[in-house]
Amino acid sequence: MNLFNRPALLIISSLFFSAFSNAQTTAPKPYGALPTARQLKWQETEMYCIIHFTPTTFQNKEWGYGDADPSIFNPTKFSALQIVSAAKAGGFKGIVYVAKHHDGFALWPTKTTTYNISKSPWKNGKGDMVREFQQAAKQEGMKFGIYCSPWDRHNPHYGTPAYLVDYRNQITELYSNYGDLFMSWHDGANGGDGYYGGTNEKRKVDQSTYYDWMNTWAITRKLQPNASIFSDIGLDVRWVGNEKGLAPETSWSTITFNEKNGKPAMPGFMDDSNLGSGTRNGKQWIPFEGDVALRPGWFYHPEQDEQLKSVEDLFNIYVHTVGRGGALDLGLSPTKEGILFPDDVERLAEFGNFLKQVFAYNLAKDATITLSNVRGKSQKAFGAAKLTDASRYSYWATDDKVHQATAELTFKKPVRFTIIQLRENIKLGERIDSVNVDVFKKGQWINLAKATSIGANRIIRLENSESAAKVRIHVYAPVAIALSEIGLYMEPKIKTESAKKDKNSYKSSGWKVLNPAAEITNPAYALDDNEATAAQLMSGNAIDIDFGKVLTFAAVGYLPAQDGSSAGAIEKYEVLSSNDGVKWDKIAEGEFSNIKANPILQRIGLTQPVTARYLRLLSKQAVAGKDGQPQVRIAELSVYKK
Ligand code: FUL
């Protein structure tokens with residue numbers, strides 16, 4: 001060989017290789033809709049708490065009507081720090097404070113309405129709750145966000161253009177004076193009856209136009225460019241479609257919002273059929289938030305002190321929210337004293353500790369990972385080490401033409417795990433269609449689990465722990481893969497707290513439903529102590545019960561159907577009692593606030609105990625179902641001694 005030709009050969013070959021590897025070591029082209037920088041920060045937050053503490057707390061209601069006297073708002077032990085630090089101990093990274101709920105009472109000294117905190121006795125009218133929470137969040141190193149309800153049951157102008165001016169001034173104040181916000185939170189519960197300056201009437205708004213959201217949100221963007229805008233159809237974050245904190249198995253971070261009656265979707269005005277699932281290859285990157293309260297309701301109710309979610313409930317919710325590519329927004333409810341109930345503080349700490357234990361060590365770090373393809377053969381840029389470095393944005397990538405590939409994890413000895421965690425590098429979009437997780441057993445690969453919609457985070461939680469020395473992740477995508485993390489974790493055992501039954505509830509054995517058979521289907525289901533079944537009123541609007549003997553009761557309970565649909569849930573009710581089943585006396589009436597979004601047990605406290613043999617629950621308004629569906633559904637009816 002001519003020695004002189006060697007350098008030339010080297011140059012040619014290195015030129016060839018660098019051209020080749022350049023083509024292969026550049027990042028894959030982004031795919032589909034992409035998150036903005038603001039949304040990336042939000043995705044990284046993963047868990048935050050929303051705090052409801054307004055005069056409604058003092059009324060023991062879920063929705064204030066707008067007529068509460070400000071003098072009732074007077075917490076005696078208020079400590080924002082106690083609340084915020086409990087959230088932090090739970091592993092949460094931010095808080096959203098409800099600066100104004102549907103009752104219209106402003107928790108900060110605003111110029112926009114006299115119905116505000118300065119009229120309360122708390123701190124002699126010199127207090128500012130929004131400031132208190134902002135400062136506590138700052139002190140604890142938590143992010144801070146604000147919820148200002150668009151629906152306002154106090155404002156006399158609600159329903160007219162003048163209210164929109166007030167509302168915009170409110171968010172302008174809130175977004176100008178309380179530092180950098182990570183979230184701007186609105187909901188879609190709008191219009192209905194209320195106090196409205198003493199007129200006590202029903203005001204309906206056209207939710208497709210009334211709030212002129214695009215221009216209203218322009219204020220948010222200008223004043224708080226880093227705040228992710230949440231609503232049921234938010235600009236940055238969407239609602240998951242229920243208040244249970246549960247996203248469906250497949251939940252894409254991209255979505256195409258469906259138009260309704262030819263008009264663009266707006267908060268409270270939409271076809272909500274794909275809120276949970278999102279849309280594969282949807283037009284926009286708008287991942288979901290799952291909101292759910294630690295207690296059954298968003299506000300504190302002493303009768304719910306024994307109904308806190310357990311650590312298992314909370315972890316299940318975590319897996320169905322954070323573990324499905326969205327965020328968990330957990331509702332905290334301070335008591336009238338202005339602090340969290342001690343059990344709530346304890347439960348948050350238990351949950352935070354549990355999470356720490358689950359994710360303490362990624363077993364995948366102990367594996368040798370073999371990849372079926374590595375982009376440009378560049379282990380350094382896109383190889384196995386990227387999969388366990390706990391960085392969301394470093395990633396294993398395949399060549400452009402390779403749309404399915406495997407990552408094989410081999411351990412020196414079998415490892416036991418209950419959780420498989422996967423993340424995509426979402427800066428490059430939601431690329432993966434699906435994955436199969438296989439384990440090598442008795443000489444062959446066996447499928448252990450499958451998943452779709454990976455996105456920012458996907459947690460597959462196994463029902464039973466699995467032990468294997470070889471685990472394979474098989475990934476399928478329409479383009480090159482960009483997977484950033486593989487995690488295997490073993491969760492510790494949880495002490496299961498059994499749900500406590502209300503001791504004050506009368507036993508329903510021997511009770512009878514009196515309605516004629518033609519009116520009601522499965523009447524006994526309303527009294528069978530089984531939450532999974534429901535009696536259905538096919539016509540008429542009342543259910544009549546005979547206790548078989550005279551009872552003295554101080555409260556009545558109504559549980560709407562628990563099958564995930566709120567159709568047939570009573571929204572406005574009357575309760576009547578009778579001693580002969582002929583002459584009836586009204587003993588209570590009112591609304592079951594928020595029952596449509598959160599169909600939980602409703603407890604009606606009577607002004608004084610009633611002694612009677614017969615009970616009637618009358619529906620004056622119920623959540624409409626599809627045509628032909630029952631008018632009213634009743635999973636359980638109960639009465640309580642206290
Ligand atoms: C809903 C409201 O109607 C509830 O009262 C609660 O504030 C929840 C977080 O949002 O839309």
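A polar contact here is a pair of N or O atoms within 3.5 Å; inside the protein, one of the two must be able to donate a hydrogen and the other to accept it. Keep that in mind as you click around, and remember that you're looking at a predicted model.

**Stop 1: Asp-305**

Select Asp-305 and show its side chain. You're in the loop that runs between β11 (288-293) and α8 (311-320). Which side chains does Asp-305 make polar contacts with? One is Arg-295, whose side chain is 2.9 Å away from that of Asp-305. Another is Tyr-300, where the side chains are also joined by a polar contact, of 2.9 Å.

Now widen the selection. Setting aside neighbours within four places in sequence, Asp-305 is in contact with Arg-295, Tyr-300, Phe-341 and Asp-343. Is Asp-305 buried or exposed? Its relative accessible area is 17%, and the cut-off for buried is under 20%, so Asp-305 counts as buried.

**Stop 2: the ligand**

Next, centre on the ligand and bring up the residues surrounding it. You should have His-52, Trp-63, His-101, His-102, Tyr-147, Trp-185, Asp-187, Ala-189, Glu-243, Asp-291, Trp-298 and Asn-594 on screen. Colour that shell by residue type and you'll get five nonpolar, four polar and three charged residues.

Three of these are worth a distance label. Start with His-52, which has a polar side-chain atom 2.7 Å from an oxygen atom of the ligand. Move on to Trp-63: an N or O atom in its side chain is 3.0 Å from a ligand oxygen. Then pick Asp-187, where a polar side-chain atom lies 3.3 Å from an oxygen atom of the ligand. How much of the ligand's surface does the protein bury? On its own the ligand exposes 290 Å², and the protein buries 96% of that.

**Stop 3: Asp-438**

Hop over to strand β16 (residues 434-441) and pick out Asp-438. With a relative accessible area of 6%, Asp-438 is buried. Its side chain makes a polar contact of 2.9 Å with the side chain of Asn-447.

Want to see who else is around? Leaving out residues up to four places away in sequence, Asp-438 touches Trp-445, Ile-446, Asn-447 and Leu-448, along with Lys-470, Val-471 and Arg-472.

**Stop 4: strand β19**

Select residues 482-489 to light up β19. Why is this strand described as largely enclosed by the rest of the structure? Eight of its eight residues are buried.

Now add the partners. Strand β14 (residues 396-397) runs antiparallel to β19 and is joined to it by two bridges. To find that pairing, select Trp-396 and its bridge partner in β19, Leu-483. Strand β15 (residues 404-424) also pairs with β19 in the antiparallel sense, this time over six bridges. Here, pick Ile-420 and look across to Leu-488 in β19, which stands opposite.

**Stop 5: a three-stranded sheet**

Finish with the open sheet of three strands ordered β21-β22-β27, with antiparallel pairing. Which strands stand at the edges? They are β21 (520-521) and β27 (632-634); each has a single partner strand, so one side of each is left without a neighbour in the sheet.

Zoom in on β21 and strand β22 (residues 535-537), which pair in the antiparallel sense over two bridges. For a last click, select Ile-520: its bridge partner in β22 is Leu-537.

Notes: Residues numbered from 1 in each chain as written. Predicted model: local features only at pLDDT ≥ 70, side-chain atom pairs only at ≥ 80, totals over all residues. Heavy atoms only, no water. Helix = DSSP H or I, 4+ residues; strand = E, 2+ residues; numbered from the N terminus. Buried < 20%, exposed > 50% of the residue type's maximum accessible area, 1.4 Å probe, protein only. Contact = heavy atoms within 4.5 Å. Near = heavy atom within 4 Å. Areas by Shrake-Rupley, 256 points an atom, 1.4 Å probe, with all protein chains shown as cover. Nonpolar A, V, L, I, M, F, W, Y, C, P; charged D, E, K, R; others polar. Pairing = 2+ DSSP bridges.
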